[in-house]
Amino acid sequence: IKVTRGVSDDLSLLAHYPFDGSADDVSGNENHGTVISADPVADRFSIPNSAYSFDGVADHIQVSAPNPFIGHELSVSLFVKIPPSSDGGIIVDHDVVGTGNSDWTLLVTPSGYPQLITGVNQSNYAVTGTTNFKDGFWKHIVATRSSEGVMTLYVNSVEEITATSLAGSIANTSDLQFGCWNNSSGNTSFF
């Protein structure tokens, strides 16, 4: 998983998680994650211990209050494999719970479609892709948001949707989480 500020180049790289047996950030920014119950599994190339499996019960990876993480721009690139029996869920979340302000979430909807949600000025904006992920095959997803609020989803290098939200900061000091989300009622939803 790579998270960048703006365009995807090494100069703006904020975190890179190769998931090679740990959740350490190899970008040099030391935004290391803590694996909580998630099991290391083979990745899309069948390389052992190069991806994580989440059980939907309590498994997740948490990055505690990452170093200045995202401002107005965002680019997240990752590979996911969703079983047909999945109810969808949060892939990665950097959310200020219940505010709709200065946050973002990348998820798979219960019907299997990728979705990027950003919160700006107490309003949430979402773009939803058209490729169904609930087929048990690895897919590459890239989610971007420009400083002008333009949000785009790419699946397997193909642009699926672009829409404009409000411009404004999506920066916050919340934890970055893979595989879970804490809602405004204090409940945690796992992937």
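**Note on the predicted all-strand chain**

1. Residues 24 or more positions apart account for 53% of the chain's contacts (heavy atoms within 4.5 Å), counting those with a separation of 6 or more. The model is predicted, so that local features need pLDDT of at least 70 and side-chain atom pairs count only at pLDDT 80 or more, while totals for chains, interfaces and linings use all residues. Numbering runs from 1 along each chain as its sequence is written, and side-chain values use heavy atoms, with hydrogens and water left out.

2. The secondary structure comes to zero helices and 17 strands, where these are DSSP runs numbered from the N terminus (helices H or I, at least four residues; strands E, at least two). Of the 191 residues, 46% count as buried, that is, under 20% relative accessible area with a 1.4 Å probe, protein chains only.

3. The largest nonpolar core has 28 residues, a core being a set of buried Ala, Val, Leu, Ile, Met, Phe, Trp, Tyr and Cys residues joined through side-chain atoms within 4.5 Å. Its largest share, four residues, comes from β7. Val92 is among the residues with the most contacts inside this core, and Val92 touches, beyond four places in sequence, residues including Leu78, Leu106 and Phe178.

4. Seven of the eight residues of β12 are buried. This strand pairs in the antiparallel sense with β7 over eight bridges and with β13 over five, pairing requiring at least two DSSP bridges. Ala143 in β12 is the bridge partner of Val76, and Thr152 in β13 is that of Thr144. In the hairpin of β12 and β13, with four residues between the strands, Gly149 takes a positive phi near 90°.

Methods: Buried means under 20% relative accessible area, exposed over 50%, partly exposed in between (1.4 Å probe, protein chains only).
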